[in-house]
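Please read these comments with the model open beside you. They go from the whole chain down to single contacts.

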Amino acid sequence: MKKFITVLFLGFFGLSLLAQEKTAKIEFKTIEIDYGTIEKGADGLRTFEFTNSGDAPLIISNVKSSCGCTVPSWPKTPIMPGDSGEIKVKYDTNRVNPIRKTITVTSNADTPTVALKIKGEVVDPSKTSVLSKKDKSVMEQ
């Protein structure tokens with residue numbers, strides 16, 4: 001009986017070594033998008049492209065932004081191995097200020113949480129700074 005249990009144990013142990021767990025793997029083309037300097041009211045939509053380079057379907061369960069001025073959208077269906085997808089991020093460009101936001105992606109990938117970043121600056125061309133105006137000197141007139 002001891003030999004039977006030993007053989008059974010070794011059999012299960014050997015099978016567990018041979019069994020490989022399939023996992024999804026998310027790879028982004030870039031994890032940061034720079035808007036640069038854009039005008040107030042400009043198109044604030046940008047896209048993060050990714051590929052499932054794993055061997056199991058990728059399921060993105062949640063994508064959230066660090067504030068309400070950035071609205072993400074993502075595929076709700078599984079991304080099969082080798083397929084690509086997009087996470088779209090829309091920033092509210094009616095807010096005149098520097099942009100520094102983080103978008104957190106949660107999935108079943110081998111790295112379950114990925115932080116994406118957007119940066120840039122929204123300016124209002126109708127408002128100019130006193131410091132940016134250069135007046136001619138008295139000598140040049």
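The numbered points below cover the overall layout, the two sheets, the disulfide, the aromatic pairs and one loop residue.

1. Status and layout. This is a predicted model. The chain has one helix and eight strands. Along the sequence the order reads α-β-β-β-β-β-β-β-β, with the helix ahead of the strands.

2. Burial, contacts and surface. The chain has 141 residues, and 27% of them count as buried. Consider the contacts with a separation of 6 or more: 66% of these come from residues 24 or more positions apart. The accessible surface is about 9,900 Å². Carbon and sulfur atoms hold 57% of that surface.

3. The antiparallel sheet. Four strands make up an open sheet in the order β1-β3-β6-β5, with antiparallel pairing. Its edges are β1 (26-28) and β5 (70-73), each of which pairs on one side only. From one strand to the next, the twist averages 30 degrees.

4. The β1 edge. How many bridges hold β1 to β3? Three, in the antiparallel sense, with β3 spanning residues 45-52. One register point to check is Ile26, whose bridge partner in β3 is Asn52.

5. The mixed sheet. Another four strands form an open sheet, here in the order β2-β8-β7-β4. The pairing is mixed. β2 and β4 (60-65) are the edge strands, each pairing on one side only. Neighbouring strands of this sheet are turned against each other by 15 degrees on average, direction ignored.

6. Where the parallel pairing sits. β2 (residues 32-39) and β8 run parallel and are joined by six bridges. Two positions fix the register for the reader. Glu32 has Lys117 of β8 as its bridge partner. Ile33 stands opposite Ile118 in β8.

7. The β7-β8 hairpin. β7 and β8 pair in the antiparallel sense, over nine bridges. A hairpin of five residues connects β7 to β8. Within this pairing, Val105 stands opposite Val114 in β8.

8. The two faces of β8. Which residues of β8 lie on its covered face? They are Val114, Leu116, Ile118, Gly120 and Val122. The uncovered face carries Thr113, Ala115, Lys117, Lys119, Glu121 and Val123. β8 itself runs over residues 113-123. As background, side chains in a regular strand alternate between the two faces of the sheet. The bridge partners named above fall on both faces: Ile118 and Val114 belong to the covered one, Lys117 to the uncovered one.

9. The disulfide. The structure holds one disulfide. It joins Cys67 to Cys69, with S to S at 2.3 Å. The angle about the S-S bond is -60 degrees, and the link of Cys67 and Cys69 is left-handed. Are the two cysteines buried or partly exposed? Cys67 has 24% relative accessibility, so it counts as partly exposed. Cys69 is buried because its relative accessible area is 4%, and the cut-off is under 20%.

10. Aromatic pair one. The count of aromatic pairs comes to two. In one of them, the ring centres of Phe28 and Phe50 lie 5.7 Å apart and the planes meet at 55 degrees, so the pair is tilted. The pair links distant parts of the chain: Phe28 is in strand β1 and Phe50 in strand β3, 22 residues apart. Phe28 and Phe50 are both buried.

11. Aromatic pair two. Why is the pair of Tyr35 and Tyr91 called edge-to-face? The planes of its rings stand at 65 degrees, with centres 6.3 Å apart, and edge-to-face applies over 60 degrees. Tyr35 lies in strand β2 and Tyr91 in strand β6, so the pair ties together parts 56 residues apart in sequence. Tyr35 and Tyr91 are both buried.

12. A loop residue worth a look. Thr93 sits in the loop between β6 (84-91) and β7 (98-107). Is Thr93 buried or exposed? Its relative accessible area is 5%, so Thr93 is buried. Leaving aside residues up to four places away in sequence, Thr93 touches Ile38, Glu39, Lys40, Gly41, Ala42, Asp43, Gly44 and Val122. Among these contacts, Val122 belongs to the covered face of β8.

How values were computed: Residues are numbered from 1 along each chain as its sequence is written. This is a predicted model: local features need pLDDT of at least 70, side-chain atom pairs count only at pLDDT 80 or more; totals for chains, interfaces and linings use all residues. Side-chain values use heavy atoms; hydrogens and water are left out. Two strands pair if DSSP finds at least two bridges between them. Axes are lines fitted to C-alpha atoms, for helices over the stretch in contact, and angles run from 0 to 180 degrees between N-to-C directions. Buried means under 20% relative accessible area, exposed over 50%, partly exposed in between (1.4 Å probe, protein chains only). Contact means heavy atoms within 4.5 Å. Accessible areas come from the Shrake-Rupley method with a 1.4 Å probe; for residues, only the protein chains shown count as cover. A disulfide is a pair of cysteine sulfur atoms within 2.5 Å. Rings of Phe, Tyr and Trp (its six-membered ring) pair if their centres lie within 6.5 Å; planes under 30 degrees apart count as stacked, over 60 as edge-to-face and the rest as tilted.
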